[in-house]
Amino acid sequence: MSESVQTFDGAKLNAILSRFVGKPGALIPILQQTQDEYGYLPREAVRRIARGLRMPEAQVYGVATFYAQFHLKPRGRHIIRVCLGTACHVRGAEMIFSRITSALDLNGGGTTEDLAFTVEKVACLGCCGLAPMMMIDDETYGRLTPKSAMEIVNGYLGETLARAS
Amino acid sequence: MAKRRILLCAGSGCVSSGAWKVKEELLRKLDERGLTEKFEVVASGCHGFCEQGPLLIIYPKETLYCRVEPDDVSEIVEEHLIGDRVVERLFYKDPETGERIADHAKINFYAKQERIVLKNCGVIDPESIAEYVDRGGYDGLRKAVSMDRVAVIEAVKQSGLRGRGGAGFPTGLKWDFTYKADSEKKYIVCNADEGDPGAFMDRSVLEGDPHAVLEGMLVAGYAVGADEGYIYVRAEYPLAVKRLRIAIEQAEEQGYLGSDIFDSGFSFHVSVKEGAGAFVCGEETALLASIMGKRGMPSPRPPFPATSGLWGKPTCLNNVETFANVPFILREGWEKYAAIGTEGSKGTKIFALTGKVNNTGLVEVPMGNTIRKVVYEIGGGVKDDREFKAVQIGGPSGGCIPNSLIDTPIDYDSLVEAGAMMGSGGMVVVDDETCMVDLARYFLEFVQSESCGKCPPCRVGTRKMLECLKRICDGEGEADDIDWLINVGESIKSYSLCGLGQTAPNPALTTIRYFRDEYEAHIKDRTCPAGACQALIDYVIVAEKCKGCGLCIKACPVEAISGEKKTVHTIDYDLCIKCGACMEVCKLDAVIRGKPAAQKEEAA
């Protein structure tokens with residue numbers, strides 16, 4: 001843990017905290033901006049936010065773990081979010097999810113070891129007309145089949161492999 | 001000379017289908033042909049017909065082009081814009097008659113709707129306040145501030161408007177409670193935490209007509225005596241957040257928001273709060289906790305938010321669609337509004353029509369229309385001409401309405417009677433390939449993971465129900481499981497703290513009520529009649545159809561299929577993971593979902 005304290009760059013966090021001084025209900029927006037900045041919520045950031053807001057660390061931790069949006073562990077460079085809303089479910093989204101996760105060796109979702117991908121289920125992305133669908137980072141892909149979904153993922157995979165070599 | 005308008009739908013659906021690429025190409029092409037002075041390309045909000053996106057509408061004749069690809073743009077510009085000859089191949093094709101229709105007003109999907117709330121959606125540029133004002137925008141507010149506060153509340157009461165978030169509480173009454181609460185400081189909160197899987201009405205309204213929501217909030221603020229408002233938007237809706245922020249900024253510049261609006265002495269400020277991903281925050285007390293930066297857990301009522309809400313102050317909380325109805329009521333008069341709909345449910349309701357239906361998209365109909373009308377006349381019937389089995393209304397809080405009740409009128413009370421509820425407006429059509437037990441399991445899995453855990457009936461009860469449903473789907477159900485589910489479900493409904501738990505068992509209870517035979521088939525015969533439950537099916541190669549082409553062998557990720565070229569292939573069920581890749585690649589439909597192979601062997 002001491003190592004992460006040393007490597008933690010607190011300047012960005014301080015800037016965020018200073019924007020919210022004295023504002024009520026600031027914890028969630030602070031966590032959101034911190035995560036935008038660092039990609040996840042590092043332990044040290046949670047500690048400093050608690051200190052900055054003068055509240056118990058447990059309370060910050062409690063809020064951070066309550067909401068699906070917050071992550072306490074580093075995430076992949078590409079986030080694949082497979083929609084499992086009702087419309088996607090009845091049009092076969094589960095098959096798409098299992099195809100992608102088995103191809104990436106991620107049973108049930110999660111982050112690949114090389115931090116290239118995080119795969120997760122989401123409840124509904126609100127594009128039910130295009131079901132089944134998924135999002136990779138900010139790009140939306142609709143009317144998928146397991147095959148076309150894999151082709152899209154392979155495109156990203158090729159790009160990460162190219163970068164690695 | 002005024003520019004001719006080309007409307008490009010830029011709702012989330014069409015953006016996903018590639019609307020921005022079409023826009024880019026269109027702008028490039030117009031520039032290339034020197035037409036930028038003659039035409040303007042306007043990106044609108046959701047036009048509703050997501051199935052056919054990206055949509056392009058060319059004025060003045062409002063010619064609608066469907067599923068436009070960047071490659072089609074050149075032809076549209078050359079033929080339609082320059083040559084004045086329409087591009088018929090891009091018209092909407094009526095699934096029944098096969099006729100190509102140019103005028104979108106003549107397409108059943110639009111013709112059979114009555115759009116009040118969606119009047120501007122897909123028609124105006126949502127990032128331009130001028131276009132909203134041109135179409136009567138903020139007239140309702142202007143009228144409201146010239147009236148007595150009590151008269152405004154009375155008008156909303158008389159209109160018969162009920163909350164569109166699901167429960168259907170009379171809006172005027174809610175305003176009245178907040179008005180009567182004694183406090184210097186009051187708040188208006190707009191619930192835009194649209195979390196129901198399968199629902200996107202609020203998103204479309206926010207993206208397509210954000211000013212209508214602001215105007216509704218302003219009228220409410222004036223009526224109850226509040227000077228500050230929050231819009232709590234789901235974080236998954238970045239486009240809605242962006243357009244709201246633009247709308248707020250423009251309204252402030254033009255003096256519709258801020259201090260002393262219309263010289264009436266009334267002041268109002270609005271800020272946007274982004275949610276952080278918790279379904280339970282759609283519940284009003286949980287939502288308020290979340291705005292205050294806490295875990296979004298509901299608290300017992302009373303006290304109701306109308307007396308003690310945000311930071312302990314009286315707070316009036318309404319849904320996006322509810323607020324979007326308000327401008328019409330003020331502008332056109334409550335009498336006109338109350339003339340639409342049924343005795344107990346006034347006005348219109350927007351539905352997100354999805355699932356196994358031909359025309360998926362956004363549908364607004366007067367209350368009291370039947371499910372049949374929505375599914376068949378507007379929705380164009382069930383996809384691939386399959387059998388209509390049921391419609392799931394109201395998401396995880398709602399229930400399934402079977403084929404036998406397809407003529408049920410859609411209003412708050414009839415739906416409750418049928419065991420469903422209005423909910424926020426998701427309407428998912430399911431056909432004979434959808435397993436109702438699996439659908440119930442799906443919803444229970446959702447509510448179980450979204451249960452905040454505060455009260456045991458919801459936290460423990462939904463988990464137990466889910467375990468039982470999983471067992472049934474896996475073919476391990478027991479004879480008394482069905483009665484047990486009903487029993488536990490009723491208890492959860494009675495004893496849960498908030499709306500999430502009180503409605504969580506509905507999907508299971510209504511499917512048991514109308515599709516008990518399917519549950520029994522899973523339990524007694526260990527079969528899934530719809531062929532959807534993985535544990536109860538196997539992929540089977542039909543020997544008569546298989547030509548031995550080898551495609552499935554290549555596609556199988558676990559090498560479970562073998563066979564020589566031009567001989568019938570076989571599946572090794574010890575290796576098969578039931579991924580369905582073989583069925584997908586087979587060009588001869590020789591792979592089907594059938595009864596488990598083991599069972600068949602036993603039978604033989």
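In this predicted model, chain B is divided by its domain assignment into five segments: domain 1 (4–111), domain 2 (129–338), domain 3 (348–431), domain 4 (436–525) and domain 5 (537–603). The centres of domain 1 of chain B and domain 4 of chain B, taken over C-alpha atoms, are separated by 45 Å.

Chain B also meets a partner, since the contact between the chains involves 37 residues of chain A and 47 residues of chain B. On the chain A side, at least two residues apiece are supplied by α3 (27–38), α5 (57–66), α6 (86–90), α7 (93–103) and α8 (146–164) of chain A. Sorted by class, that side of chain A, the one touching chain B, comprises 21 nonpolar, 14 polar and 2 charged residues.

Within chain B, a sheet and two helix pairs can be followed in turn. The sheet is open and has 5 strands, arranged in the order β9-β10-β8-β7-β11 (chain B), and its pairing is mixed. Because β9 (258–261) and β11 (315–319) of chain B each have a single partner strand, they stand at the edges, and one side of each is left without a neighbour in the sheet. From one strand to the next, the twist averages 25 degrees. At the β9 edge, β9(B) pairs with strand β10 (residues 266–274) of chain B in the antiparallel sense, over 2 bridges, and B:Gly258 has B:Phe268 in β10(B) as its bridge partner.

Two packed helices are described by the angle between their axes and the distance between the axes. For helix α10 (residues 210–224) of chain B and helix α11 (residues 238–253) of chain B, the packing angle is about 60 degrees and the axes lie 9 Å apart, which means that α10(B) is oblique to α11(B). The crossing of α10(B) and α11(B) is right-handed. In α10(B), the residues B:Pro210, B:His211 and B:Leu214 meet B:Arg243, B:Leu244, B:Ala247, B:Ile248 and B:Ala251 of α11(B), and this contact has, by class, 6 nonpolar, 1 polar and 1 charged residues.

The other pair joins helix α7 (residues 149–159) of chain B to helix α13 (residues 320–332) of chain B, whose axes come within 10 Å and cross at roughly 105 degrees; α7(B) is therefore roughly perpendicular to α13(B). Here B:Ala155, B:Val156 and B:Ser159 of α7(B) make the contact with B:Val326, B:Ile329 and B:Leu330 of α13(B). By class, the contact of α7(B) with α13(B) has 5 nonpolar residues and 1 polar residue, with no charged residues.

Note on methods
Residues are numbered from 1 along each chain as its sequence is written. Chains are lettered from A and ligands numbered from 1 in the order in which they are written. This is a predicted model: local features need pLDDT of at least 70, side-chain atom pairs count only at pLDDT 80 or more; totals for chains, interfaces and linings use all residues. Domain bounds come from an automatic or database domain assignment. Two residues are in contact if their C-beta atoms, placed from the backbone, lie within 7 Å. Helices (H or I, at least four residues) and strands (E, at least two) are DSSP runs, numbered from the N terminus. Ala, Val, Leu, Ile, Met, Phe, Trp, Tyr, Cys and Pro count as nonpolar, Asp, Glu, Lys and Arg as charged, and the others, Gly among them, as polar. Axes are lines fitted to C-alpha atoms, for helices over the stretch in contact, and angles run from 0 to 180 degrees between N-to-C directions. Angles under 35 degrees count as roughly parallel, over 145 as roughly antiparallel, 65 to 115 as roughly perpendicular and the rest as oblique. A crossing is left-handed if the near helix is turned anticlockwise from the far one by less than a right angle, and right-handed if clockwise. Two strands pair if DSSP finds at least two bridges between them.
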